[in-house]
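User: Please take a close look at one strand in this structure and at how the parts around it are arranged. A connected account would suit me better than a list.

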Amino acid sequence: MTVERMFLLHNDKASLQQIALESEQWGVKIKTVETIEQCLSLAHSIGAEMVFALVCQAEKIFWHINRLRMEFPAAGVLVVRRDKMAGLERGHLLLAGADACFDQDALPVEVVACVQALRRRGYALQQSLRTDLAEPVGAGLLPQRTELEPDLQRWDLMENGWTLLTPRGHSVLLTRGERRIVQVLFAVSPQTVERDRLFPPEEGRESTARSVDVLISRLKRKITAIGEELPIRSVRGEGYAFVGKVPAACQELARASLSTDEVYECIEKA
């Protein structure tokens with residue numbers, strides 16, 4: 001889980017559609033709801049990867065923010081309006097509990113970037129608090145490595161697959177080759193993928209098992225350097241498998257990103 005939940009209060013379905021289209025490219029999934037009751041019901045039953053977009057007119061917006069804060073104190077709450085928003089109104093909404101406010105001048109990517117920022121901060125804070133509670137008093141200056149609860153041992157992809165989010169809240173930037181490998185392994189996790197299927201065919205170049213081994217070894221060193229272990233396992237004579245926990249939404253986005261790739265189609269058929 002990142003933050004408790006993410007909510008987007010809006011009054012324009014057309015602008016929301018543009019935000020939703022943009023969000024799919026950056027790993028944010030938006031579900032539209034019509035009433036506050038439906039919103040709360042789904043928020044209690046669906047995982048935190050989802051952003052719930054609630055249709056909300058101006059006269060009810062403060063009441064809705066208050067209701068969401070009562071149910072989910074640590075939730076991320078964003079307000080998107082189709083008309084121009086005055087500074088005083090924006091300030092009142094922020095004081096009421098909104099985390100950010102956007103009006104007609106905001107680009108969809110700005111809204112998506114704010115969602116991602118709230119998710120990263122919430123996740124990092126959650127892991128920091130758990131680590132602090134688990135560390136004995138007077139344990140010294142070096143941080144103690146603690147085991148996370150099973151439901152928190154999750155790996156995710158953000159920024160359209162260019163950033164790997166670790167279970168302890170670290171954001172790791174990926175190179176083109178690393179991104180490709182992680183996306184394929186996430187898409188079919190925990191299945192094993194043959195080395196020669198981890199890269200698409202490129203004109204004038206054949207990917208080799210050695211190049212894949214080097215990229216995976218380099219990525220593992222990146223993760224080890226921040227005190228974590230990347231759960232990519234080598235299966236002798238077969239290939240590689242990602243055996244860590246990957247959210248269903250992340251797997252779906254990885255599959256969508258690879259859906260037009262011939263190599264991925266071969267993996268699906270295998």
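The strand I mean is β1, and the answer may go on to other parts afterwards.

Analyst: The model is predicted, and the description below starts at strand β1 and then turns to other parts.

Strand β1 covers residues 6-10. Five of its five residues are buried, so the strand is largely enclosed by the rest of the structure. The cut-off behind that word is a relative accessible area under 20%. The side chains divide between two directions: M6, L8 and H10 point one way, while F7 and L9 point the other way. Residues on both sides are buried, H10 and F7 among them.

β1 has two strand partners to describe. One is β3, residues 50-55, which runs parallel to β1 and is joined to it by five bridges. In this pairing L8 stands opposite A53. The other is β4, residues 76-80, again paired with β1 in the parallel sense over five bridges. Here L9 is the residue to look at, as it stands opposite V79.

Helix α2, residues 36-45, also belongs to these surroundings. Its buried residues are I36, C39, L40, L42 and A43. The spacing of such residues can be read against helix geometry: an α-helix has 3.6 residues a turn, so residues three or four places apart point the same way. The buried residues of α2 pack against β1, and also against β2, β3 and α3 (61-71).

W26 gives a contrast in exposure. It is placed in the loop between α1 (13-25) and β2 (29-33). Its relative accessibility is 30%, so W26 counts as partly exposed. Together with L107 and V109, W26 makes a nonpolar surface patch of about 240 Å².

Elsewhere, E178 is a charged residue in a buried position: its relative accessibility is 1%, and it therefore counts as buried. E178 lies in helix α6, residues 176-188. A polar atom of the E178 side chain lies 3.0 Å from the backbone nitrogen of T175. Apart from neighbours within four places in sequence, E178 is in contact with L173, L215, R218, L219 and K222.

A further sheet is open and has three strands in the order β9-β11-β10, with antiparallel pairing. Its edge strands, β9 (192-193) and β10 (232-235), each pair on one side only. β9 is joined to β11, residues 239-242, by two bridges, and V193 stands opposite Y240 in that strand.

Definitions and conventions: Residues are numbered from 1 along each chain as its sequence is written. This is a predicted model: local features need pLDDT of at least 70, side-chain atom pairs count only at pLDDT 80 or more; totals for chains, interfaces and linings use all residues. Side-chain values use heavy atoms; hydrogens and water are left out. Helices (H or I, at least four residues) and strands (E, at least two) are DSSP runs, numbered from the N terminus. Buried means under 20% relative accessible area, exposed over 50%, partly exposed in between (1.4 Å probe, protein chains only). A polar contact is a pair of N or O atoms within 3.5 Å; within protein, one must be able to donate a hydrogen and the other to accept it, and residues adjacent in sequence count only if both atoms are side-chain atoms. Contact means heavy atoms within 4.5 Å. Two strands pair if DSSP finds at least two bridges between them. Patches are made of residues with over 30% relative accessible area and no salt bridge: like charges are joined within 9 Å, nonpolar side chains (Val, Leu, Ile, Met, Phe, Trp, Tyr) within 5 Å. Accessible areas come from the Shrake-Rupley method with a 1.4 Å probe; for residues, only the protein chains shown count as cover. A salt bridge is a side-chain nitrogen of Lys or Arg within 4 Å of a carboxyl oxygen of Asp or Glu.
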